[in-house]
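Let's take a walk through this one, contact by contact. Keep the viewer open and follow along.

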Amino acid sequence: MNSSIRLFSIVAFAITIAACSQAAGSIGDVPTAPPTAVPAVALASPDPTPSLGQTASLTTTVPSHSPIPSPVATPSPIPSPVATPSPTDPAIDPATVLAADGIGPYVVGARLSALESQGLVASVEPSFHCYDEWQNAEATGRYAGHLHLSFYLGQLIDVHTASPELVTPSGAIVGMPLAELQRIYGTRGTVITGVSGNEAFSVHVPAELGIVFFLDETNTKVWSMSAGEVKWLDSAAVVGEGC
């Protein structure tokens, strides 16, 4: 009996040793599966978790994008239109302009003695049928034969002309039709009828001055014109020239 038990124990021990050896061999012989290759990520995201010993930055630096101003186009200057020259009237010689206060050196209020000393008057004589305080004279120089002068108490009160070479500031001249004269001056002028049926066109300006246009025998055209103290000129248009 004891021999049988001891034999069984020896066989069981041998089987155990064989089984262990077989098991160990089978494990070593089983091929392991090759590791599956994991494709690399094209853009790996940074690991937000800081490694040990490092402190995570709390501030994220964001690149500053300063706006680049777009260039403002400067508008090109617009060329000014070139004015087309228009035909103009020839320039008027100022020396030929007869205004309400006179012409050239013959200004209303000028002293007869001063004009005489400068040789600007000739043929000085008392006015016809007038007192000695009235004198008539003729102009000299470039105005000789174009201007007749009237003085009262030694002062020039008016200048008179029948020359078509002289012109008023508004463009009126001797020989102009009355209708054209009225178009130029409009309501500034008044037709005066004299005692003998003659007519004149009187234009007043400030300071008691004016220009009176004496019409021809038909009362349709300027025969002569006078400039100066308008009260004397209007009187001459009504009663005739003289005192």
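**Charges, rings and odd turns**

Trp-232 is partly exposed, with a relative accessible area of 28%. Keep that residue in mind, since we come back to its neighbours below. One caution before going on: what you have on screen is a predicted model.

So who does Trp-232 pair up with? Look for Trp-134: the two ring centres sit 4.9 Å apart with the planes at 90°, so this is an edge-to-face pair. Trp-134 belongs to strand β4 while Trp-232 belongs to helix α4 (residues 230-239), so the contact ties together parts 98 residues apart in sequence. Unlike its partly exposed partner, Trp-134 counts as buried, because its relative accessibility is 14% and the cut-off for buried is under 20%. Now add Tyr-152 to your selection: ring pairs link Trp-134, Tyr-152 and Trp-232 into a cluster.

How many aromatic pairs are there by this rule? The count comes to six. Another of them joins Tyr-106 and Tyr-143, whose ring centres are 5.9 Å apart and whose planes stand at 90°, so that pair is edge-to-face too. This contact also links distant parts of the chain, with Tyr-106 in strand β2 (residues 106-107) and Tyr-143 in the loop between β4 and β5, 37 residues apart. Both partners are tucked away: Tyr-106 is buried at a relative accessible area of 0%, and Tyr-143 is buried at 7%.

Stay with Tyr-143 for a moment, and bring up Arg-142. The charged end of Arg-142 sits over the ring of Tyr-143, 5.7 Å from the ring centre. Yet Arg-142 counts as exposed, at 53% relative accessibility, whereas Tyr-143 is buried.

Arg-142 has a second contact to look at. Side chains of opposite charge can pair when their charged atoms come close. Here the side chain of Arg-142 meets that of Asp-93 in a salt bridge, 3.4 Å from N to O. Arg-142 lies in the loop between β4 (134-139) and β5 (148-152), and Asp-93 in the loop between α1 (2-29) and β1 (102-103), so the bridge ties together parts 49 residues apart in sequence. Asp-93 itself counts as partly exposed, at 36% relative accessibility.

How many salt bridges does the structure hold? There are two, and the other is between the side chains of Arg-183 and Glu-180, at 2.7 Å from N to O. This one is a local affair: both residues lie in helix α3 (residues 178-185), three residues apart, or about one turn of the helix. Arg-183 is exposed, with a relative accessible area of 58%, while Glu-180 counts as partly exposed at 28%.

Last stop, the backbone. Most residues other than glycine have a negative phi, and most peptide bonds are trans. Against that background, have a look at Ala-207, which is not a glycine but has a positive phi of about 65°. You'll find Ala-207 in the loop between β8 (199-205) and β9 (209-215), where it counts as exposed at 65% relative accessibility. Asn-219 is another non-glycine with a positive phi, about 60°, and its place is the loop between β9 and β10 (222-229). Is Asn-219 buried or exposed? At 17% relative accessibility, Asn-219 counts as buried.

Note on methods
Residues numbered from 1 in each chain as written. Predicted model: local features only at pLDDT ≥ 70, side-chain atom pairs only at ≥ 80, totals over all residues. Heavy atoms only, no water. Salt bridge = Lys/Arg side-chain N within 4 Å of Asp/Glu carboxyl O. Helix = DSSP H or I, 4+ residues; strand = E, 2+ residues; numbered from the N terminus. Buried < 20%, exposed > 50% of the residue type's maximum accessible area, 1.4 Å probe, protein only. Phe/Tyr/Trp six-rings, centres within 6.5 Å; stacked < 30°, edge-to-face > 60°. Lys NZ or Arg CZ within 6 Å of the ring centre and 35° of its normal.
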